[in-house]
Structure formats: C-alpha cells, structure tokens
Amino acid sequence: MASGLLLSGAVAALVTAAIPAHNSSPVFDNPPPDKIVIDVATVNGSGCPAGTAAVAVSEDNTAFTVTYSDYLAQVGGSSNPTAFRKNCQLNLVVHVPSGFTYAIAKADYRGYASLQSGASAVQRASYYFQGSSQTVFKNHNFSGSYNDNWQATDSTDWAQLVWAPCGVQRNFNINTELRVNAGSSSPSKVSFMTMDSTDGDLSTVYHMAWQHCPAK
C-alpha cells in the first residue's frame with residue numbers, strides 16, 4: 001500500500017451507472033453494513049509531499065476526511081516564484097461490497113487564507129475514474145483583503161449524482177488545487193492560502209451517498 005495510507009471506509013466515484021431512479025435530495029444513509037477498505041495507490045503533488053496527507057473514515061461509512069499539513073500556496077515578498085500554485089492528486093483503490101454503488105454527494109473544503117487588498121485566490125477540485133473522460137470541476141474564488149478561516153462546499157442534487165459502475169474495479173482520482181494571484185497588491189507583501197488551518201483542526205470532508213445495485 002503506497003504512502004502508508006489505508007482507508008477503512010468508502011470513497012465516492014463519478015462514473016455513470018444504471019441504478020434505480022431516486023427523486024429526493026442527497027442523503028448519506030443506507031451505507032453497506034461492512035467496513036469498506038480503500039487503499040491509497042499514489043499521492044502526488046506539490047501540496048502533499050510524502051507524509052503530509054492523512055486520511056480517516058467515519059465509523060458509519062458515510063464520510064471520509066483528508067487532512068494536509070503542508071498544503072500552502074503564496075505570492076509576494078520572498079516567496080518562491082512557483083509557490084503561487086499547489087496541487088495534490090489522490091489515486092484511490094476502492095473495495096466495495098458486492099451489490100452496492102456509491103457517489104460523492106457533498107465535499108466540504110476548509111483552510112486558512114491571508115490575502116492582501118488587491119490579491120485573489122482560487123480553490124479547485126475535480127474527480128474522475130481512471131480511464132474515464134468524465135470529469136467534474138468545481139471552483140471557489142476568494143478576494144482580498146481577507147484574513148480568516150475559509151470554507152467551500154460542493155454539493156450535488158440526487159438526480160445529478162454520478163454513480164460508480166456496479167461490479168467493476170477502477171481507481172478513483174481526487175485532484176485539488178490552490179492558486180494565489182498577487183493582482184494589484186504590493187509585491188513586498190505576502191498573500192497565502194492553505195488547505196488546512198493554523199491550529200490543524202480543519203480538514204476536507206467527503207460525504208457519500210449509497211444505493212443498492214440493480215438486480216441482474
């Protein structure tokens with residue numbers, strides 16, 4: 001298991017599957033009764049050097065969290081010219097019990113930002129299966145002046161959820177990115193954005209929706 005990360009709960013997938021219609025809002029109930037194991041195949045990116053990303057899964061299989069300890073983008077002052085953009089890709093091997101399918105219903109991203117007046121930042125995330133051309137991108141923009149914790153939520157209506165294909169094993173990828181632009185701010189002043197918080201209490205939370213696969 002690469003990078004020493006083991007998830008004992010489920011991750012969501014974004015590949016279309018033939019499943020029964022459901023007209024309600026996203027819910028996170030009816031997960032598989034058995035614990036789901038997911039191996040992290042690879043962790044790559046300037047925002048998550050080896051040993052700086054940790055994953056934990058809820059006991060009820062309805063969510064998992066990713067916490068970063070070195071995910072920081074910054075510009076200005078003596079910042080490295082390449083530090084304005086940081087990214088991280090998690091490649092996950094999902095082991096789901098037979099008869100179940102899953103999807104990402106909501107993702108909560110959190111961190112801390114200090115943006116000078118005139119500066120701006122963007123948080124971006126995308127999700128896709130290995131070998132699939134179907135990718136979902138979500139962007140959240142922030143403007144200075146700003147100096148506080150930040151939070152951004154990606155939420156999907158039940159009718160728009162894209163479900164994992166039943167009976168097929170494919171790696172699932174989560175890409176995240178932070179980008180900070182100096183804009184009209186003073187070049188001598190630093191603006192930065194992190195995908196964690198100064199006290200380490202904030203983390204990214206992915207909420208899963210579950211359904212039974214249709215009977216063959």
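## Exercises on two disulfides and one buried valine

Leaving aside neighbours within four places in sequence, Val 180 touches Ala 73, Gln 74, Val 75, Phe 84, Leu 115, Ser 120, Ala 121, Ser 191, Phe 192 and Met 193; contact means heavy atoms within 4.5 Å. This is a predicted model: local features need pLDDT of at least 70, side-chain atom pairs count only at pLDDT 80 or more, and totals for chains, interfaces and linings use all residues. Residues are numbered from 1 along each chain as its sequence is written, and side-chain values use heavy atoms, with hydrogens and water left out.

**Exercise 1. Place Val 180 in the fold and decide whether Val 180 is buried or exposed.**

Step 1. Find the element. Val 180 lies in strand E11. Strands (E, at least two residues) and helices (H or I, at least four) are DSSP runs, numbered from the N terminus.

Step 2. Check the accessibility. Val 180 has 1% relative accessibility, so the residue counts as buried. Buried means under 20% relative accessible area, exposed over 50%, and partly exposed in between (1.4 Å probe, protein chains only).

Step 3. Take one partner, Gln 74. Val 180 and Gln 74 are 106 residues apart along the chain, with their C-alpha atoms separated by 5.9 Å.

**Exercise 2. Describe the disulfide of Cys 48 and Cys 88.**

Step 1. Apply the cut-off. A disulfide is a pair of cysteine sulfur atoms within 2.5 Å. Here the sulfur atoms of Cys 48 and Cys 88 are 2.2 Å apart.

Step 2. Read the handedness. The angle about the S-S bond is 100 degrees, and the link of Cys 48 and Cys 88 is right-handed.

Step 3. Locate both ends. The pair links distant parts of the chain, 40 residues apart. Cys 48 sits in the loop between strand E2 (37-44) and strand E3 (53-57), and Cys 88 in strand E6 (residues 85-95).

Step 4. Check burial. Cys 48 is buried at 2%. Cys 88 is buried at 1%.

**Exercise 3. Do the same for Cys 166 and Cys 213.**

Step 1. Take the distance. Cys 166 and Cys 213 are joined, S to S 2.0 Å.

Step 2. Read the handedness. With -100 degrees about the S-S bond, this link of Cys 166 and Cys 213 is left-handed.

Step 3. Locate both ends. Cys 166 is in the loop between strand E10 (146-155) and strand E11 (171-181). Cys 213 is in the segment after strand E13 (204-212), 47 residues apart from Cys 166.

Step 4. Check burial. Cys 166 is partly exposed at 30%, whereas Cys 213 is buried at 19%.

**Exercise 4. How many disulfides does the structure hold, and what is the pairing?**

Step 1. The structure holds 2 disulfides.

Step 2. Number the bonded cysteines in sequence order. The pairing is 1-2, 3-4.
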